[in-house]
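Colleague: I am new to this structure and would like to learn how to read it feature by feature. Could you take me through it, giving the general idea before each case?

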2 protein chains.
Amino acid sequence: MDKAEMAPIVIGKLMNIGGMLQKRANLMLAPFQLNQQQYSILFSIYQEDRVQQKNVINKLMLEKAHVSKVVKKLHSMDLIDIELSEQDKRSSWLMITDKGKKLVHKVRGVSADWNKQWTGELDMNQMNQLLESLTMIQNVFKEKALH
Amino acid sequence: MDKAEMAPIVIGKLMNIGGMLQKRANLMLAPFQLNQQQYSILFSIYQEDRVQQKNVINKLMLEKAHVSKVVKKLHSMDLIDIELSEQDKRSSWLMITDKGKKLVHKVRGVSADWNKQWTGELDMNQMNQLLESLTMIQNVFKEKALH
DNA sequence: CTTATTATGTTTCCATGGAAACTAAATGAC
DNA sequence: GTCATTTAGTTTCCATGGAAACATAATAAG
């Protein structure tokens, strides 16, 4: 089998696995009233002191319309604070709240085992290989950005 | 970095890449009035002489409600034929039409290059490794089936 | 044979997220 | 400084797909 034959199979599997994982992640996160995308946005805010929506959009490569709505939801759940930016009046700073931090910690507790189960059969060498390959594919996306 | 640390990163990347690919695939398929999931259902019908919805559901691990709706759409677009099953009156046989076949061939033409571009940086060895790892992960899903 | 359970699909309801049009502010061209 | 363009975010509209309840047929248990 050459690359041209393998590519569609690999791409197909990536789409399939991505969808499955997201669905399962949504189930795992349901008790927290969040889905996977919403949590990933919360988490990316958690990782920084303060961020603007555009940072989140660029980092996670999501639609700005979508991020706008999720930010509103996270704020209404008191998981993040929103502070108007002085430098740029179109924009605001997003910061995680204590409640948000607690939620992230809880989810981390739950997801540790959850994450491991999907990679259970892979050995250390395969994991490293996989990580490297996925990173390369992600970089192709960044090169061929849509926006 | 040990496995426990890598797992969430790998899983995160898989979800991210899956979403991106699906979005791009939807763009590529838009001229055919189909999205990626709909096409994958059409393609799985194309691959067999005749199938029942349950076959598609099991193979692609999709929701039966969803497949039901897509089958209706594909039929309304004259891409598939539906023939009542004699053996099981709850069920029908799905078969690709000539129009459906033509569409699949057209999409194959378009998607050959499309598929390759995402794996462009990977060499043959990496592709094989990746395929193997993805297959292992898919098998974990089959073990831990939801239904 | 009758009743309970399981299997196949469908319908309904609803949250999600993508696309496009929009507002308003910031930046660039001249 | 003024006008055009770009950037940040919002709103609106709509297709998608997941969950649950449902209808109907097939199968199993007694």
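Modeller: Let us begin with a definition, namely that a salt bridge is a side-chain nitrogen of Lys or Arg within 4 Å of a carboxyl oxygen of Asp or Glu. Please keep in mind throughout that this is a predicted model.

Colleague: With that definition in hand, how many salt bridges are counted between chain A and chain B?

Modeller: The count between chain A and chain B is two salt bridges. In one pair, A:K23 bridges to B:E63, and the closest N and O atoms are 2.6 Å apart. Polar contacts are counted separately, and between chain A and chain B there are eleven residue pairs of that kind, with both residues at pLDDT 80 or more.

Colleague: Which helices of chain A supply at least two residues each of the side that touches chain B?

Modeller: On that side of chain A, α1, α5 (98-118) and α6 (124-143) each supply at least two residues, and α1(A) gives the most, with 21 residues. By residue type, the side of chain A that touches chain B divides into 31 nonpolar, 15 polar and ten charged residues.

Colleague: How should I read the size of such an interface?

Modeller: The size of an interface is often given as the accessible area lost when the parts come together. Here chain A and chain B bury about 6100 Å² between them, with 72% of it on carbon and sulfur atoms. Within chain A, the residues that lose the most area to chain B are A:K3, A:M15 and A:F141, which together make up 12% of what that side buries. Counted by residues, the contact takes 56 from chain A and 56 from chain B.

Colleague: Turning to the DNA, which residues come nearest to strand D?

Modeller: Of the 25 residues around DNA strand D, the nearest are A:K64, A:S68, A:K72, A:R90 and B:K69. Sugar and phosphate account for 71% of the atoms of DNA strand D that come within 4 Å of the protein. As a case of a phosphate contact, an N or O atom in the side chain of A:K72 is 2.2 Å from a phosphate oxygen of DNA strand D, while for the side chain of B:Q38 the distance to a phosphate oxygen of that strand is 3.2 Å. The largest share of the surface near DNA strand D comes from α4(A), with five residues, and that surface divides into three nonpolar, ten polar and twelve charged residues.

Colleague: And which residues are closest to DNA strand C?

Modeller: Around DNA strand C there are 25 residues, of which A:K69, B:S68, B:K72, B:R90 and B:S91 are the closest. Two of these can be followed to a base: the side chain of A:K69 has an N or O atom 2.6 Å from a base oxygen of DNA strand C, and a polar side-chain atom of B:R90 lies 2.6 Å from a base nitrogen of DNA strand C. For the backbone, a polar atom of B:K54 is 2.7 Å from a phosphate oxygen of DNA strand C. The largest share of the surface near DNA strand C, five residues, is supplied by α4(B).

Colleague: Finally, how do I read a pair of aromatic rings?

Modeller: A pair of aromatic rings is described by the distance of the centres and the angle of the planes. Over all chains, a search of the whole structure finds eight aromatic pairs. The rings of A:F43 and A:Y46 have centres 5.6 Å apart and planes at 25°, so this pair is stacked. Both residues, A:F43 and A:Y46, lie in helix α2 (residues 36-46) of chain A, three residues apart, about one turn of the helix.

Technical notes:
Residues numbered from 1 in each chain as written. Chains lettered and ligands numbered in written order. Predicted model: local features only at pLDDT ≥ 70, side-chain atom pairs only at ≥ 80, totals over all residues. Heavy atoms only, no water. Near = heavy atom within 4 Å. Polar contact = N/O pair within 3.5 Å; in protein donor to acceptor, adjacent residues only side chain to side chain. Helix = DSSP H or I, 4+ residues; strand = E, 2+ residues; numbered from the N terminus. Nonpolar A, V, L, I, M, F, W, Y, C, P; charged D, E, K, R; others polar. Contact = heavy atoms within 4.5 Å. Buried area = accessible area lost by both parts, 1.4 Å probe. Phe/Tyr/Trp six-rings, centres within 6.5 Å; stacked < 30°, edge-to-face > 60°.
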